[in-house]
Amino acid sequence: YHMANLTITASDVKIARIIEQLPDGPADETVTAGQAVRYSTSTGKYTKANGTTAAEARIIGICTAVSGDGVTISVMRRGFLEVGSALSGLNYDAAVYLSDTDGTLADAAGTVSTVVGRVVPGWAATTAEKLLFVAL
């Protein structure tokens, strides 16, 4: 089985419920909503995380919004996110992992296995919508 990256469109990312949010802060590279982030050890700013090495896989959250300046971002550490159709091919309770691709989530583990969250049901209507429960 090969890992498949999840395609999350930034405009589809919506917060369903925040349990824990990190302080808004600057990113040292372009980050969009739905991407995995960690702290840069050299700048202290947010930067994209990936599963290639233990140092890169120190994910602290998922970007939920980018401010008008394109640099300051909002980061959710724990909570529920709508991510459009990105989870449609996954079962409820499936684990979502950090991909080896910078800032990206996947349906299987990257080189360093890092679970970011799970697919959970969200009940806004009579059928469940698939939400990403971010649990870091």
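**Side-chain contacts between charged and aromatic residues**

Glu 20 is partly exposed, with a relative accessible area of 35%, in what is a predicted model. The side chain of Glu 20 meets that of Arg 77 in a salt bridge, with a nitrogen-to-oxygen distance of 3.9 Å. Because Glu 20 belongs to strand β1 (residues 13-26) and Arg 77 to strand β5 (residues 72-83), this pair ties together parts that are 57 residues apart in sequence. Arg 77 is likewise classed as partly exposed, at a relative accessible area of 23%, a value that falls between the limits of 20% for buried and 50% for exposed residues.

The search of the whole structure finds three salt bridges, and another of them joins the side chains of Arg 38 and Glu 56 at 3.2 Å, again taken from N to O. Here too distant parts of the chain are linked, since Arg 38 is placed in strand β2 (residues 36-39), whereas Glu 56 is found in the loop between β3 (46-48) and β4 (61-66), 18 residues apart. With a relative accessible area of 11%, Arg 38 is buried, while its partner Glu 56 counts as partly exposed at 22% relative accessibility.

A further salt bridge is formed between the side chains of Arg 118 and Asp 93, which meet at 3.3 Å from N to O. Arg 118 lies in strand β8 (residues 115-122) and Asp 93 in the loop between β5 and β6 (95-98), so that this contact ties together parts that are 25 residues apart in sequence. Asp 93 is exposed, its relative accessible area being 51%, a value over the 50% limit, whereas Arg 118, at 34% relative accessibility, counts as partly exposed.

Aromatic contacts were examined as well, and the search of the whole structure finds two aromatic pairs. In the pair of Tyr 39 and Tyr 46, the ring centres are 5.5 Å apart and the planes stand at 20°, so the arrangement is stacked, given that planes under 30 degrees apart are assigned to this class. The two residues are classed as follows: Tyr 46 counts as buried at 4% relative accessibility, while Tyr 39, at 37%, counts as partly exposed.

Finally, a contact between a charge and an aromatic ring is present at Tyr 92, where Lys 130 lies over the face of the ring, at 5.2 Å from the ring centre.

Notes:
Residues numbered from 1 in each chain as written. Predicted model: local features only at pLDDT ≥ 70, side-chain atom pairs only at ≥ 80, totals over all residues. Heavy atoms only, no water. Salt bridge = Lys/Arg side-chain N within 4 Å of Asp/Glu carboxyl O. Helix = DSSP H or I, 4+ residues; strand = E, 2+ residues; numbered from the N terminus. Buried < 20%, exposed > 50% of the residue type's maximum accessible area, 1.4 Å probe, protein only. Phe/Tyr/Trp six-rings, centres within 6.5 Å; stacked < 30°, edge-to-face > 60°. Lys NZ or Arg CZ within 6 Å of the ring centre and 35° of its normal.
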